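Reader: Could you walk me through this protein model, strand by strand and helix by helix? I am new to this, so keep it plain.

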Amino acid sequence: MILSGTLEIVEPLDGKELPITVAGPGEFTGEMNMLLGRRSLVRARMKEPGEVLVLSPDVLRKLVQADTELSEIFLRAFILRRVALIAKTPGDAVLIGSSHSAATLRIREFLTRNGQPHAYLDVEKDPSVQALFDRFGLKIDDVPVVICRYDRVLKNPSNEEVADCLGLNAVLDSCAIRDLVVVGGGPAGLAAAVYGASEGLDVLVLETKAPGGQAGSSSKIENYLGFPTGISGLALASRALTQAQKFGAEVSIARTAATLICKQHPYRLEIASGGSVRARAVILATGAQYRKLPLPELARFEGVGVYYGATSVERQFCGDEEIVVVGGGNSAGQAAVYLAETARHVHVVVRGPGLAATMSRYLIQRIEEHPRITLRPFTQVEALEGGDHLEQVRIRDSRSGESETRKIRHAFLMTGADPKTDWLRGCVAMDEKGFVKTGPDLARTDLEGWPLSRPPLLLETSMPAVFAVGDVRAGSVKRVASAVGEGSICVQLVHKVSPRRSSIAIRRSATSSVDRELVEVAIAPGLAGLEGLDDRVLHLVEVLRRVLVGRVVAAADVPAGQAAAKVYPLASGEEALLAAFRSERLWIVDLGEMLADH
């Protein structure tokens, strides 16, 4: 906040500075990176002598959470400034790539969907590429190349390497125990993060690619409540991400959960690139991916003619060429309408008789009325042909048996849905297609290892305190609104199985004994090293119902088989009772709020 004088904002650009604006008294600086505590994309310096008021990221987050008026002012300005940086400045990252490289498309999508300003140079079209090759000692085989801040060069990097180079993620603490870890940053996962963080939970979201999931690649969603003119999947995901981070949720980008260690609690999730995180409760929101067609040449053309999302990046590659969209769902319809704005012609290929059973009516009507879209029912893609890029598509009419080869260099495959659940096998029950079963859908055979007396809650899996929401859940409705609803509902279920940290007090210390009056407390076996209230503690509630004190206390850390009720006198209330347990160096777990709930 500028109190006096003027502050100049510039963007560092390869040893030079690009002027952005000058702020005067009463104005404030900052954009989304400030709220997240990330490295700034711009540089500020006093143009005239004066005073400024500096807010740290932590203070800023507390301010936007506590004051609704200031929150609206700051967030609106931060969002619009990030949009302006993306549209008008090259950013501090340069991507050198090729339209014949699948990795180039992957990185462009990653940068675009994560809202990172960057410059893209095509080795086949931009003459300035050679100067950068000479300067950094690069060869054509190194493409794609990402240059961060014009001083660090990444050759064909992974998404995680790009994220680390740009400072998108904080280091994950493998020792910290989170209240909630959400795996997947689609609509369901982001909704869970928003509601969980807004209610005081310590929330971490692990997202493999970019926030928004499959919905984030939708060109326009027009049937989502509250947006009568529609909203792009990217814009919706960006707003949800900002909302989650406003309330303090940590969103870790390009981090993939590889294994769920479910035989211990708190649960441990191992990250594919190394490291792990721990959580009292886990929400699985990994969504589903489009089913891959059984074509022998499919893998060779993925990213170089075959695509699974229709964003502005893919549309740029297509230009005004002929396109085929395979699929009859809403995503396929949205893609066809979006691509037809610039394409010469779009062919929508479906196996069935039409779209009525699988697509919203408003999309069907637009497809039928668009002069550059042709619907091809009872048709399948039979073969993909080409060299280093897709060049031809052969399609077959299942009624006549006739095949037709068309010179189409861009095919969008949006058929069916396969869940991303291989990493969960052995932990949670799934149906025959790999979707996670929850609540009433769980059969008796699915619950043979269920350790609790209560049945699983509505969205709870066959593992206590592990939930599934959105497209990954068996029987879910494949719509953005239903995914958001499941994510928000799930947080309430998390509270039921894992009470708030504020009600938990765990201490280990020794003090002198105290005068005692009579009070009975049970000592539970098998809870040594207890780090938080746990479903294993629930059976203690029945034993403790008769304990009439201000707080109910369970003491653990005794060998299994040696459990017994003990009698302690209590002279001066709860604190004296706790002191008696401390004198025996026992774990003290506050169960007062849990007892009230049961």
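The questions and answers below take up two groups of strands and then a pair of helices in this predicted model.

Reader: How many residues of strand S4 are buried?
Author: S4 covers residues 93–97. Buried here means under 20% relative accessible area. The strand is mostly covered, and the number of its five residues that are buried is five.

Reader: Which residues of S4 point the opposite way from Ala93, Leu95 and Gly97?
Author: In a regular strand, side chains alternate between the two faces of the sheet. Ala93, Leu95 and Gly97 point one way from S4, and they are buried. The other way point two residues, also buried: Val94 and Ile96.

Reader: Which residue in S6 stands opposite leucine 95?
Author: Strand S6 spans residues 145–148. S4 and S6 pair over four bridges, in the antiparallel sense. Opposite leucine 95 in S6 stands valine 146.

Reader: Which residue in S5 stands opposite glycine 97?
Author: S5 is the strand of residues 119–122. S4 and S5 run parallel and are joined by four bridges. Facing glycine 97 from S5 is aspartate 122.

Reader: Is the crossover from S4 to S5 left-handed or right-handed?
Author: The chain leaves S4 and passes through helix H4, residues 102–113. It then reaches S5, giving a β-α-β crossover. Its hand is right-handed.

Reader: Now the open sheet of three strands: which strands stand at its edges?
Author: The order is S2-S1-S3, with antiparallel pairing. Two strands each have a single partner strand, so one side of each is left without a neighbour in the sheet. These edge strands are S2 (16–23) and S3 (43–48).

Reader: What is the average twist from one strand to the next?
Author: The sheet in question is the open one, ordered S2-S1-S3. From one strand to the next, its twist averages 35°.

Reader: Which residue in S3 is the bridge partner of glutamate 8?
Author: Strand S1 holds residues 6–13. It pairs with S3 over five bridges, in the antiparallel sense. The partner of glutamate 8 in S3 is arginine 45.

Reader: Is the crossing of H7 and H13 left-handed or right-handed?
Author: H7 is residues 187–198, and H13 is residues 480–497. Their axes come within 7 Å and cross at roughly 35°. The crossing is right-handed.

Reader: How many residues in the contact of H7 with H13 are nonpolar?
Author: On the H7 side, the residues include Ala188, Ala191 and Tyr195. They meet H13 residues, among them Val480, Val484 and Val491. In this contact no residues are charged and three are polar. The nonpolar ones number nine.

Terms used: Residues numbered from 1 in each chain as written. Predicted model: local features only at pLDDT ≥ 70, side-chain atom pairs only at ≥ 80, totals over all residues. Heavy atoms only, no water. Buried < 20%, exposed > 50% of the residue type's maximum accessible area, 1.4 Å probe, protein only. Pairing = 2+ DSSP bridges. Right-handed = clockwise from strand over helix to strand, strands pointing away. Axes fitted to C-alpha atoms, helices over the stretch in contact; angles between N-to-C directions. Left-handed = near helix turned anticlockwise from the far one by under 90°. Contact = heavy atoms within 4.5 Å. Nonpolar A, V, L, I, M, F, W, Y, C, P; charged D, E, K, R; others polar.
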